[in-house]
Amino acid sequence: MLTPVVDEDGAPFWEHAARGELRIQSCTDCGELRFPPRPCCPHCQSFRSEWRRMSGRGRIWSYVLPHPPLLPDYAAQAPYNAVVVELADAPRIRLVGNVVAAPDAPLDSVDPARLRIGAGVKVTFAEIDGVTVPRWLLERG
C-alpha cells in the first residue's frame, strides 16, 4: 500500500490523526483554514498558524472507482473507491481518502453502488504501515 510522505508542514496533521483527531491548519491572523498545510497563509501571507479541530463530518464531493491496470498492491482490492470529501465545517477544504465499512476494513468493503455525490460521511482512522490515515464511513440517512 502507498503511505503518505510526512513532511515538516504536514507533520501535525498526521500527529493529530494518530490521536484520532481530524485537525486542519488555520491562520491565527485572518482565521482562514488551509489544506494542504504550508508555512504561509495564501490569504494574508502570515506565517502564524494553529491546528483547528474539525467535526469529522463531510460529504462526498467526488469519487472514482479505479479500473485496471492498477498498482499490484491495489489490484487485489478492486473494485475499491477513492473519494474527495468536502468537510462540513470547512466547505473549501477537501480531503482524499476511501469509504470503508469499518476503520480497518479493506478498501473494497463498501459496495460501489452505495456511493453518491453528496452522501454524508464521518471520519474514522486506521493505521497503515505505521501511519494513521483518515478513512470515511457512510452516515445513515
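How many residues lie between E1 and E2 in the hairpin that they form? There are five, and Gly-31 in the turn has a positive phi of about 85°. The model described here is a predicted one.

The hairpin belongs to an open sheet of three strands, arranged in the order E2-E1-E3 with antiparallel pairing. Its edge strands are E2, residues 33-34, and E3, residues 49-53, each of which pairs on one side only. Two bridges join E1 to E2, and in this pairing Ser-26 has Leu-33 of E2 as its bridge partner. Towards E3, strand E1, which spans residues 23-27, is joined by five bridges, and these two strands likewise run antiparallel. Here Gln-25 is partnered by Trp-51 of E3, while Cys-27 stands opposite Ser-49.

The surroundings of E1 deserve attention next. Because five of the five residues of E1 are buried, the strand is largely enclosed by the rest of the structure. Both of its faces are covered: one carries Arg-23, Gln-25 and Cys-27, the other Ile-24 and Ser-26, and all of these are buried.

Ile-24 also leads into the interior. It is one of the residues with the most contacts inside the largest nonpolar core, together with Leu-22, Leu-87, Val-99 and Trp-136. This core has 28 residues. Helix H1 and strands E5, E6, E7 and E8 each supply at least two residues of it, and the largest share, five residues, comes from E7. Apart from this core lies another, of five residues, among them Tyr-74, Tyr-80, Ala-105 and Leu-107.

Leu-87 shows how parts of the chain meet in the larger of these groupings, the core of 28 residues. Neighbours within four places in sequence aside, Leu-87 is in contact with Leu-22, Ile-24 and Trp-136, and also with Met-54, Arg-57, Gly-58, Ile-93 and Leu-95.

The description now turns to empty space. Rolling a probe the size of a water molecule over the atoms shows where such space is left. In this model the largest pocket holds about 600 Å³ of space. Its lining consists of 21 residues, and those nearest its centre are Leu-2, Val-96, Gly-97, Asn-98 and Val-133. Helix H1 (11-18), strand E6 (90-97) and strand E8 (131-138) each contribute at least two residues to the lining. By character, the lining residues divide into 17 nonpolar, three polar and one charged. H1, E6 and E8 thus appear both in the lining of the pocket and among the elements that supply the largest nonpolar core.

Conventions:
Residues numbered from 1 in each chain as written. Predicted model: local features only at pLDDT ≥ 70, side-chain atom pairs only at ≥ 80, totals over all residues. Heavy atoms only, no water. Pairing = 2+ DSSP bridges. Helix = DSSP H or I, 4+ residues; strand = E, 2+ residues; numbered from the N terminus. 1 Å grid on protein atoms, 1.4 Å probe; cavity = no way out; pocket = protein on both sides within 12 Å on 5 of 7 lines; lining within 4 Å. Points joined across faces, edges and corners; volume = space filled by probe spheres on them. Nonpolar A, V, L, I, M, F, W, Y, C, P; charged D, E, K, R; others polar. Buried < 20%, exposed > 50% of the residue type's maximum accessible area, 1.4 Å probe, protein only. Core = buried A, V, L, I, M, F, W, Y, C linked by side-chain atoms within 4.5 Å. Contact = heavy atoms within 4.5 Å.
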